[in-house]
Amino acid sequence: MAVDTDLEDVNQTTVYIPFNASDGTDADAVPASLFPERDFHQGSHLRFQACKAAWGKCLKRMQELIHALHAPVVENVVEQVKKCYTDELPGLPYPELPVVSVTSSSTSSSLFDEISFRLEENTDELFEDTNDHFVTHVFPSDCTTLAGTMKAIVSGFVSRSPTGGQDIKRKPSTSLAAYDIALLEAWYRAVCDARDDRHRRSRLVVIMHDFEQLEPQVVQDMFEICSSYISRVPLVFILALASPPSPSYIHATYPHSLLALLRVRDCPFPLAQTSLHNILLETFFDPTFEPEIMIGPTTIDFAVEFFTRHNSSLDGLLSILQLAHMKHFEEPLTILAPAQVLGQPKDAAKVLLTPDAFPFLDALFARVHESTLIAPVEHATSWRSATVDSLLSLIETARETFRMRAKLLRVAFRLVLHVRQFMLVHGYKTVQGDHTVPDLMCLALRGRLGSVYAYLCSMIRKLPAAQLEEFVREVHDFFEHAPEDVKAKENEVISRVETAYKMLCRDASAQDISSPLGNWLSEYFRSRIVALEDAPLWDIWYTGSMPFPSELINPSPRASILAGLTHPLDYVSPGQQSGDDEDGDMPDISILFKGYLESAKMINVYDWFESFVVFLEARKRRVGKTHISDGADGTSRTPSKKKGKQKQVEGEVVDKNAGEDEEEWLMEVQVRFIRALQELDYLGFIKHTGRKADHVMRTVFDSPE
């Protein structure tokens with residue numbers, strides 16, 4: 001009732017309508033499967049849980065790698081902040097305002113959160129140094145004017161309690177202006193007194209996000225104000241820059257008079273390409289880490305292209321890989337990707353023997369018998385004795401086969417990179433070629449790395465004695481640090497490397513060692529670097545050459561909006577359509593947009609409304625409702641003249657009821673028209689002009705087809 005009262009109140013500008021899950025929606029509804037002909041009930045829900053677990057494992061690994069990339073930068077920034085007011089050049093005519101610039105175009109958004117945490121955490125328990133520094137964040141939306149910028153900086157600090165308790169809400173009448181830096185000075189003195197900080201070790205750190213988007217003149221005035229209070233307010237500015245460190249954006253934008261007031265220190269982030277390569281390599285090609293889902297070459301190609309051409313951010317890379325996982329788990333068979341996703345084997349057998357799981361079971365049975373899990377000579381008779389338990393046993397065999405094949409591929413690929421790096425260090429620049437690390441990943445996944453390792457093995461055969469000894473020692477150490485299950489599988493090549501190592505210890509000639517060693521490694525690479533599609537049921541654990549859904553990560557909103565307005569029923573599920581009549585299900589905004597496309601540059605709003613009324617009238621007449629009279633445009637209808645007093649009274653009653661219905665219908669049509677018109681205005685399809693109050697201007701002239 002409160003919502004109805006607020007809606008009727010003309011003074012209310014905004015009304016909050018709480019969500020009620022029982023209003024026509026089922027909170028426990030399972031999303032529809034894209035392949036219902038070979039899926040089973042609750043299959044989508046179970047795959048979602050499996051996808052969540054697989055992506056969680058991959059995400060945790062990548063976050064650890066990103067944190068490791070952030071660690072040197074965070075340490076450098078924290079060290080700069082701590083010593084900015086103690087490590088000063090003597091003899092300066094005036095103190096300089098400390099500024100730390102962080103080039104963060106390719107990093108994650110968590111970098112500055114880590115910096116804030118390190119600056120505010122308890123870093124020295126011996127001297128009870130709790131909350132050494134105070135940190136506030138300033139964004140471009142806060143810095144449109146000088147007063148707004150100073151208010152954001154001052155309020156970010158003074159809203160906190162000097163004693164570290166609950167935040168304080170100050171009364172404007174009892175304090176200085178919120179943009180006055182003298183208020184910040186008084187607050188800082190209170191902080192030092194409360195913490196008995198006589199040496200004033202605490203710093204006031206201001207992190208300015210998206211620094212290039214700030215107005216230079218506003219920033220210049222802000223720096224000049226803050227520099228005049230350096231001796232009383234120890235401010236430190238951390239600038240988040242997206243531009244490269246050379247040429248410097250700060251030196252190219254701001255005048256020398258301002259730069260003379262600043263002491264700028266640069267803390268660049270590692271190169272974007274290097275960060276991308278390391279994350280992909282350590283996540284999907286590390287022998288000590290096994291992801292639940294192995295990404296294919298198409299996903300790697302798209303991730304690299306999007307990272308280099310559109311958005312060189314690690315957050316974008318995380319989104320791409322998450323979408324790849326979600327796309328992969330659309331396939332019903334991927335429910336078998338994690339071990340025991342259906343519970344113990346007995347529980348899984350019970351689930352698969354239910355009637356609604358028969359289509360899934362048929363598809364699984366067909367895939368297993370098409371694979372190499374069953375010998376060709378047994379195909380004619382094995383289906384007679386096949387059971388659910390035997391199918392699950394074969395799935396477990398396929399899982400172990402794929403897991404080991406992928407692991408051996410990772411080890412062999414890392415050895416190729418190791419050999420390649422060894423050759424580059426010793427001056428063999430030709431081994432680098434035109435292939436980057438992601439290119440080599442894609443070639444290895446496709447089983448087409450033969451030309452690369454063949455050339456590397458030919459270079460191994462030509463190594464001199466000194467370099468050959470170092471190379472054999474490095475290869476020996478490489479296999480020493482391999483996982484134990486890999487050592488068991490690669491016992492042959494390890495024994496050959498050990499043989500070469502022992503021959504070197506006996507001062508054998510380099511030619512007697514290098515030539516066999518090159519042949520052994522070439523044979524090893526040929527047997528291990530093969531396409532993962534050759535493994536049975538590979539598409540359960542490997543995305544392969546599946547096209548990446550690029551429209552989800554890089555959509556075209558203009559074309560999507562035009563298509564949605566022109567063909568709205570294409571975006572509605574079949575169960576929500578009321579019938580075969582397309583016009584009967586068309587929303588009001590699409591009705592208006594249909595007339596919009598047929599109009600000229602200027603649109604008469606009243607004519608537009610009349611056409612809207614005619615369309616609704618025709619649709620209402622088709623569905624068998626009351627016919628709208630000619631007075632629907634607001635004109636009064638002349639009552640028919642009847643003979644006799646009784647007939648005249650009855651006619652007046654009928655006309656009165658019809659008039660009330662027409663008035664309500666007209667009010668409804670006007671409201672629907674205004675709402676649809678406002679939606680088009682919000683989307684930017686119309687523009688109001690001052691010349692004609694009853695006309696609007698059309699802004700889009702593209703054909704939606």
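**View A. Salt bridges across the whole chain.** The protein chain has 29 salt bridges, where a salt bridge is a side-chain nitrogen of Lys or Arg within 4 Å of a carboxyl oxygen of Asp or Glu. This is a predicted model, in which local features need pLDDT of at least 70 and side-chain atom pairs count only at pLDDT 80 or more, while totals for chains, interfaces and linings use all residues. Residues are numbered from 1 along each chain as its sequence is written, and side-chain values use heavy atoms, with hydrogens and water left out. The secondary structure comes to 26 helices and eight strands; these are DSSP runs numbered from the N terminus, with helices being H or I of at least four residues and strands being E of at least two. Of the 705 residues, 42% count as buried. Buried means under 20% relative accessible area, exposed means over 50%, and partly exposed lies in between (1.4 Å probe, protein chains only). The accessible surface of the chain comes to about 38,600 Å², by the Shrake-Rupley method with a 1.4 Å probe, and for residues only the protein chains shown count as cover. Carbon and sulfur atoms hold 53% of that surface.

**View B. Glu185 and Arg189 pair up within helix α5.** Their side chains form a salt bridge with an N to O distance of 3.2 Å. Both residues belong to helix α5, which covers residues 181-195, and they sit four residues apart, about one turn of the helix. The partners differ in cover: Glu185 counts as buried because its relative accessible area is 13%, whereas Arg189 is partly exposed because its value is 39%.

**View C. Arg399 and Glu396 meet inside helix α15.** Here the N to O distance of the salt bridge is 2.4 Å. The two residues are three apart in helix α15, about one turn of the helix. With a relative accessible area of 11%, Arg399 is buried, while Glu396, at 35%, is partly exposed.

**View D. Arg414 reaches from helix α15 to Glu282.** The closest N and O atoms of this salt bridge are 3.3 Å apart. This pair links distant parts of the chain, with Arg414 in helix α15 (residues 388-425) and Glu282 in helix α9 (residues 272-284), 132 residues apart. Glu282 counts as partly exposed because its relative accessibility is 24%. If you pan out a little, look for a network too: Glu290, Glu400, Arg403, Lys407 and Asp485 are linked by salt bridges.

**View E. Glu96 sits in a loop and is buried.** The loop runs between α2 (43-83) and β1 (97-103). Glu96 counts as buried because its relative accessibility is 16%. Neighbours within four places in sequence aside, Glu96 is in contact with Ile230, Ala260, Leu261, Leu262 and Arg263, contact meaning heavy atoms within 4.5 Å. For the chain as a whole, 77% of contacts between residues at least 6 apart in sequence join residues at least 24 apart.

**View F. Ala465 and Ile513 are brought together in space.** The C-alpha atoms of Ala465 and Ile513 are 9.3 Å apart, with their positions 48 residues apart in sequence numbering. Ala465 is found in helix α18, residues 465-480. At a relative accessible area of 47%, Ala465 is partly exposed.

**View G. Glu660, Asp661, Glu663 and Glu664 form a negative surface patch.** Patches are made of residues with over 30% relative accessible area and no salt bridge, with like charges joined within 9 Å and nonpolar side chains (Val, Leu, Ile, Met, Phe, Trp, Tyr) within 5 Å. Lys and Arg count as positive and Asp and Glu as negative, with His and the chain ends not counted; each charge is placed at NZ of Lys, CZ of Arg, CG of Asp or CD of Glu. Within this patch, Glu663 lies in helix α26 (residues 645-683). Glu663 counts as exposed because its relative accessibility is 55%.

**View H. Lys601, Lys687, Arg691 and Lys692 form a positive surface patch.** Lys601 comes from the loop between α24 (588-598) and β6 (602-604). With 49% relative accessible area, Lys601 is partly exposed.

**View I. Ile561, Tyr682 and Leu683 form a nonpolar surface patch.** Together, the three residues have about 340 Å² of accessible area. Ile561 belongs to helix α23, residues 557-566, and counts as partly exposed because its relative accessibility is 34%.
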